[in-house]
Amino acid sequence: MTHVSDDVLAAIALGDPDVDPADRAHVDSCPVCSEELAELVHVQGLLREEVGMRGAHRVEPGPELWERIAAEATGDAAVEPMQLVQPAQRADSGEPVLPAEPVQLGEPGTPVPSIAARRAAKASRPSGRSWWLVAAAAACLLLGVLVGRAVWAPTDATPPVVASVPLTTLDASKQQEGTAQLLGGQGGQGQELKVDTRPMSPGSGYVEVWLINQDGKRMVSLGILSSDQATFPVPPDAISQGYTIVDLSHEQFDDKPQHSGDSIMRGTLPV
């Protein structure tokens with residue numbers, strides 16, 4: 001399918017009444033051209049708002065201009081030049097009112113340039129439609145660059161390590177099976193617990209991560225460890241209230257939220 005040119009799309013976006021109806025019909029029925037036109041209209045609106053162009057200010061042409069146009073259409077080679085009449089002095093100023101004197105803007109008999117000559121001169125000037133198209137493309141490019149910087153700009157978002165502890169088995173061997181790191185600030189707000197372990201096979205159950213209070217009676221679940229590494233948010237002020245023992249337990253799918261009592265590994269954060 002042959003689509004309309006960019007100049008035609010820009011002309012439609014600018015509201016040019018001289019656009020070929022066939023081109024308008026194609027744009028209305030073509031999804032690709034309709035989408036491009038919508039983007040141009042949107043960018044035009046943004047540009048008009050940016051520079052304060054709230055609306056076009058039209059100046060109605062005077063009768064002299066219509067006379068020139070009529071003379072050109074009928075083939076007259078010369079028309080009377082337009083005259084600018086100087087305003088008379090005010091009568092209430094005490095001075096006599098002088099008759100208005102016409103100011104000649106051109107010599108009688110000066111030929112009016114033909115339509116062909118005007119079109120040739122216009123063709124040698126940069127097209128306004130092309131300017132709008134270039135401006136729209138530049139605005140889209142700038143918007144894409146800004147969005148790309150906002151989305152993909154590298155940021156130092158890694159929180160500092162507040163404390164780290166090895167996770168060991170509870171038997172006599174005390175074999176290390178993983179590590180736990182407390183990440184975040186010292187104030188207890190926005191802290192996270194990062195857990196790394198060796199590959200484990202929980203069998204028919206799953207592995208759950210807990211924070212146990214130093215009194216050995218209270219505990220809070222942080223979540224399920226579904227892989228060898230995971231990071232869990234820590235409840236506010238939990239560390240300062242004594243929940244410093246990291247515990248990984250083997251749980252069954254039995255709809256019981258309590259700790260099963262089957263701990264796999266454990267470690268106490270040095271905070």
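## Two cysteines without a bond

In this predicted model, the sulfur of C30 lies 3.7 Å from the closest cysteine sulfur, which belongs to C33, and this is too far for a bond. Seen from the other side, the closest cysteine sulfur to that of C33 is in C30, again at 3.7 Å and too far for a bond. A disulfide is a covalent bond between the sulfur atoms of two cysteines. To be counted here, the two sulfur atoms must be within 2.5 Å. By this rule, the number of disulfides is zero.

Are C30 and C33 buried or exposed? C30 has 3% relative accessibility and so counts as buried. C33, at 1%, counts as buried too.

## The nonpolar cores

The largest nonpolar core contains 22 residues, and L193 and L248 have the most contacts inside it. Seven strands are named as suppliers of at least two residues each: β3 (161-168), β4 (176-183), β5 (192-197), β6 (206-213), β7 (219-225), β8 (229-233) and β9 (243-251). Another core, of 14 residues, lies apart from it; L9, V27, L37 and L40 are among its members.

Which residues does L248 touch? Leaving out residues up to four places away in sequence, its contacts include L167, V195, V207, L225 and I264. E208 and D262 are also among the residues that L248 touches.

## Strand β8 and its partner

Side chains alternate along β8. A230 and F232 point to one face and are buried, whereas Q229, T231 and P233 point to the other face and are not buried.

β8 pairs with β5 in the antiparallel sense, over five bridges. Q229 in β8 is the bridge partner of D196.

Methods: Residues numbered from 1 in each chain as written. Predicted model: local features only at pLDDT ≥ 70, side-chain atom pairs only at ≥ 80, totals over all residues. Heavy atoms only, no water. Core = buried A, V, L, I, M, F, W, Y, C linked by side-chain atoms within 4.5 Å. Buried < 20%, exposed > 50% of the residue type's maximum accessible area, 1.4 Å probe, protein only. Helix = DSSP H or I, 4+ residues; strand = E, 2+ residues; numbered from the N terminus. Contact = heavy atoms within 4.5 Å. Pairing = 2+ DSSP bridges.
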